[in-house]
Amino acid sequence: MTTKKRRTEISILNLLFCLLVVWIHCCSHPITVLDRSSWQFALILALQRLAFVSVHGFFFLSGVKLTLGGGTQSLGRYWLRRGKAIFLPYLLAVFLYYIFFVWRQYFPFSLTDLAGYAVRGDLAAPFYFVIALAQFVLLTPLFRWLAKRWSPVILLPLAYGITILSAQYFNEVLHLFSPTLNFAYSDRVFTSYLFYYLAGCCAGQYYDRFQEMLKKNTGLLGVCALSFAAADVFVSHRIMADGIAFSCPELIRSLYLGSAILALYALAIRVPGELPTLVQRMDRASYLVYLYHALVITCFNTLADRLGITKVSLQFLLRLAVVYTVTFLGCMLWQW
């Protein structure tokens, strides 16, 4: 497979996951206010749950890009490029969000608070991803070595176990050492996404074989993704709408996430030719869209309240139209 072709499928998935992240956050308002016994709530919940594949898909793509082509770029140059492309834009976004919230009088200005928000990634909903990604970037030598030295058959089951423990039972593990230990930011710890990132590293290390595997198993991956998606939506609705207690919803979710990422990848590698220019520009702007769409949502919600737009369906449709249009056009214009 040519390098251009490899970039094409990664671009498709990168843009798709960005679109889904925006969708997730646009759905937050109707999920909060709709009657949980209504069909509208069930529909929005289902569509939001399906979109959760996006963040874990981003980690998978990050691992692929790290080792694709052998990962021959020097460590210092790699860190420099990541710093310029990911972390400097993130710090600027944190600053702009913070100034906006101070201007809106949500809280007074404080350099200490600003630094804390930047480190924790909790000033806006999408920022936690960058904090987790920063840990993977710092550990780049480790993941390059793991992908080259050890078989995915050995690595990935171990990584999956660590991921489940970290994502679901982080505080329970801490309580083994002391009942008073609690950590509220386990979703920002890299081990909570270890399986997806390391799976991407292994895929990038053996990229040709990985693509052949996807082509041979596209049908099975599609059936698994649809089946686990239905199970995840059903369990989520029973928990949220009916208050049913269920002990392991995240295990079902992880089965959906893993199969869906691979099924989407299998479809993406079948897209022929180059992407249209507009799609390529949207892909290049996708990281900025990821950073700033929450700010556009906040501005829209404030404006909708001032204009008296209270109907949930109308507000939802307008939010989608405004957020997608304004964020993508603004970010593409900035890059241009």
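Start by selecting cysteine 202 in this predicted model. Cysteine 202 is buried, with a relative accessible area of 4%. The closest cysteine sulfur belongs to cysteine 201 and is 6.8 Å away, and cysteine 202 takes part in no disulfide.

Next, select cysteine 27, which is also buried, at a relative accessible area of 0%. Its closest cysteine sulfur is that of cysteine 26, at 7.0 Å, which is too far for a bond; a disulfide needs two sulfur atoms within 2.5 Å. How many disulfides does the structure hold? The count is 0.

Now turn to the aromatic rings. The whole structure has 34 aromatic pairs. Select phenylalanine 59 and phenylalanine 129: their ring centres are 4.8 Å apart and their planes meet at 50 degrees, so this pair is tilted. Phenylalanine 59 is in helix α4 (residues 53-67) and phenylalanine 129 in helix α7 (residues 128-138), so the pair ties together parts 70 residues apart in sequence. Both phenylalanines, 59 and 129, are buried.

Keep phenylalanine 129 selected and add tyrosine 290. These two rings form an edge-to-face pair, with 5.3 Å between centres and 65 degrees between planes. Tyrosine 290 is in helix α15 (residues 286-307), 161 residues from phenylalanine 129. Tyrosine 290 is buried, with a relative accessible area of 3%, and phenylalanine 129 has a value of 5%.

Then select the cluster linked by ring pairs, whose members include Tyr90, Trp103, Tyr117 and Tyr292. At tyrosine 117, add arginine 120: its charged end sits over the tyrosine ring, 5.3 Å from the centre.

Finish at tyrosine 78, where the charged end of arginine 144 sits over the ring, 5.4 Å from its centre.

How values were computed:
Residues numbered from 1 in each chain as written. Predicted model: local features only at pLDDT ≥ 70, side-chain atom pairs only at ≥ 80, totals over all residues. Heavy atoms only, no water. Buried < 20%, exposed > 50% of the residue type's maximum accessible area, 1.4 Å probe, protein only. Phe/Tyr/Trp six-rings, centres within 6.5 Å; stacked < 30°, edge-to-face > 60°. Helix = DSSP H or I, 4+ residues; strand = E, 2+ residues; numbered from the N terminus. Lys NZ or Arg CZ within 6 Å of the ring centre and 35° of its normal.
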